[in-house]
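Please open your viewer and keep the sequence panel beside it, since each stop of this tour begins with something to select. Take your time at every stop before moving on.

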Amino acid sequence: MSTAALALARCDELAALSSRPDAIERMHLTAEHARANALVAGWMEQAGLRPWQDAAGNQCGRREGTMPGLPALLLGSHLDTVPDAGRYDGPLGVVMALAVVERLRERELPFALEVVGFGDEEGARFGTALLGSRAFAGTWEEAWWDLSDRDGTTLREAFRDFGLDPARVGEAARRPEQLVGYLEAHIEQGPHLEAADASLGYVTTIAGARRFAITVLGEARHAGGTPYSRRRDALVGASEVVTTVERLARATGDHGCIATVGRVEVSPGAVNVVPGRVDLTLDLRAATDAARDAMWEMILAEAEASCAARGLALEAVETHHASAAPCAPWLQQAVVAGIAATGDADPMGLWSRAGHDAMAVAAVSDIAMLFVRCADGISHHPDEAVREVDVARGIDALEQAVLEVARTVAGRGAA
Ligand SMILES: [Zn+2]
């Protein structure tokens with residue numbers, strides 16, 4: 001079996017570790033998570049890594065470099081999934097990392113090589129994403145212990161049920177001097193590589209989203225008895241806000257801002273009452289924080305003006321704010337060199353619209369990412385698909401990127 005075919009077969013094996021017989025669903029700190037860690041630990045041993053599960057439930061594996069105790073180049077991704085998931089978002093990055101380690105088994109490297117399968121990236125169980133990689137990065141927040149899943153199990157209880165000690169979560173944290181960098185391979189989760197007929201791309205930066213709760217306030221009145229001159233219809237005002245959001249973000253082009261209203265709630269929500277209040281959510285992303293923030297100012301100004309013209313009030317509260325995580329130029333260059341070595345002389349660079357573990361790891365180490373083309377840009381869906389040829393090129397590129405990093409690190413030592 002080819003290296004890529006083996007990697008894909010392993011994604012199938014992981015997909016079978018699900019809480020549902022008819023779908024893929026592997027949540028943080030569940031029985032399926034434990035089985036996935038055990039499976040990956042076995043593959044790590046086969047690849048010559050010493051495996052262990054860290055204090056936050058992340059599956060780690062390590063082999064030493066030219067001498068024991070050197071800082072590690074970290075490869076990996078996450079092993080958890082969203083409900084009714086595909087089989088490649090996350091696991092592909094872990095099995096590709098293992099394929100590369102296997103290939104470099106006999107190679108002396110000026111750093112330790114580690115592979116990690118993070119236990120939580122999606123945040124599907126506790127509503128907060130990156131729990132595994134945030135523990136790894138040492139940016140754990142005490143308030144998270146009281147988060148609960150839909151059955152009312154708190155994160156603290158889930159840790160104990162999984163055999164972990166909440167008091168020891170700090171032991172999962174790494175320090176910057178222990179790491180050379182983090183390279184993550186991941187499916188693109190978008191259509192750009194496919195549209196360019198490219199197998200692989202390198203990530204320039206991972207967008208940090210801002211999210212807002214927006215409320216449009218009008219006046220609820222009898223739908224029949226209230227003439228248009230007297231109406232202050234919050235839903236019509238909110239509809240204008242929705243189209244404004246799309247128009248302004250769309251005007252920035254294919255590689256500009258992405259803005260989404262994902263949820264709308266109309267009050268009182270009766271068939272014969274003019275809507276008095278509408279609550280909506282806004283999710284905003286762009287390649288840079290500056291572009292994203294400028295877009296928010298534009299959206300807010302236009303939305304306020306269009307609501308005011310209808311006699312409506314508009315309130316906006318920020319509910320989430322994350323900074324963009326730029327890839328380190330030197331590590332990004334290693335990924336570019338890796339892709340170039342597969343025959344693509346001019347690799348495509350793109351910013352990641354989706355969040356990734358690398359965002360969290362960026363707090364303690366340089367990061368870079370390799371994107372693998374996926375079919376039709378589909379992700380977070382059972383139809384997620386990759387081509388074996390792209391995975392084969394991806395493993396080649398990741399291997400070459402590791403060797404490029406080795407040359408850079410050896411050069412630093414010699415300097
Ligand atoms: Zn992912």
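The tour goes from the whole chain to a metal site, then to some residues with unusual backbone geometry, and finally to two further residues and their contacts.

**The whole protein**

Begin with everything selected, and keep in mind that what you see is a predicted model. Colour the chain by secondary structure and you can look for eleven helices and 16 strands. The radius of gyration is 24 Å, close to the 22 Å that the globule rule gives for 415 residues, so the protein is as compact as a globular protein of that length. If you draw a box along the principal axes around the C-alpha atoms, its sides come to roughly 80 × 50 × 40 Å.

Now switch to a surface view, where the accessible surface amounts to about 17300 Å² and carbon and sulfur atoms contribute 50% of that area. Of the 415 residues, 53% count as buried. When contacts with a separation of 6 or more are considered, 77% of them are made by residues 24 or more positions apart. Colouring by charge brings up 38 positive and 59 negative side chains, and the centres of these two sets lie 2 Å apart.

**The zinc ion**

Next, select the zinc ion and show the side chains around it. Which residues coordinate the zinc ion? They are His78 and His186, each through its NE2 atom, and Asp89 through OD, with distances of 2.0 to 2.1 Å. Along the sequence these donor residues follow the spacing H-x10-D-x96-H. His78 belongs to strand E3 (residues 72–78) and His186 to strand E5 (residues 179–187), so this pair ties together parts of the chain that are 108 residues apart in sequence. Are the two histidines buried or exposed? His78 is buried, with a relative accessible area of 0%, and His186 is buried too, with a value of 2%.

**Unusual backbone geometry**

The following stops are easier to appreciate with one general point in mind: most residues other than glycine have a negative phi, and most peptide bonds are trans.

Select Asp84, which lies in the loop between E3 and helix H3 (91–103). Its phi is near 55°, a positive value in a residue other than glycine. Asp84 is partly exposed, with a relative accessible area of 32%.

Move on to Leu29, in the loop that runs between helix H1 (3–15) and helix H2 (31–46). Leu29 is not a glycine either, and its phi is positive, near 60°. With 6% relative accessibility, Leu29 counts as buried, because buried means under 20% relative accessible area. Which residues does Leu29 contact, leaving aside its neighbours within four places in sequence? They are Ala56, Arg125, Leu155, Ala158, Phe159, Phe162 and Leu164. For a sense of scale, draw a distance line from the C-alpha atom of Leu29 to that of Ala414, 385 residues away along the chain, and it should span 44 Å.

Then select Ser267 and Pro268 together, where the peptide bond leading from the serine to the proline is cis, with omega near 0°. Pro268 sits in the loop between strand E10 (264–267) and strand E11 (273–274).

**Two further residues**

Select Ala135, which is part of helix H4 (residues 131–137). This alanine counts as buried at 3% relative accessibility. Apart from residues up to four places away in sequence, Ala135 touches Ala56, Trp140, Val169, Ala172 and Ala173, and you may recall that Ala56 was also among the contacts of Leu29. The C-alpha atoms of Ala135 and Ile367 are separated by 17 Å, although the two residues are 232 positions apart along the chain.

Finish with Thr252, in the loop between helix H7 (234–250) and strand E9 (258–260). Thr252 is partly exposed, with a relative accessible area of 35%. Its contacts, again without residues up to four places away in sequence, are Cys257 and Met295. A line drawn from the C-alpha of Thr252 to the C-alpha of Arg160 covers 48 Å, and these two residues are 92 residues apart in sequence.

Terms used. Residues numbered from 1 in each chain as written. Predicted model: local features only at pLDDT ≥ 70, side-chain atom pairs only at ≥ 80, totals over all residues. Heavy atoms only, no water. Donors = N, O, S within 2.8 Å, 3.2 Å for Na, K, Ca; no water. Helix = DSSP H or I, 4+ residues; strand = E, 2+ residues; numbered from the N terminus. Buried < 20%, exposed > 50% of the residue type's maximum accessible area, 1.4 Å probe, protein only. Rg over C-alpha atoms; globule rule 2.2 N^0.38 Å. Contact = heavy atoms within 4.5 Å. Areas by Shrake-Rupley, 256 points an atom, 1.4 Å probe, with all protein chains shown as cover. Lys, Arg positive; Asp, Glu negative; His and termini not counted. Charge placed at Lys NZ, Arg CZ, Asp CG, Glu CD.
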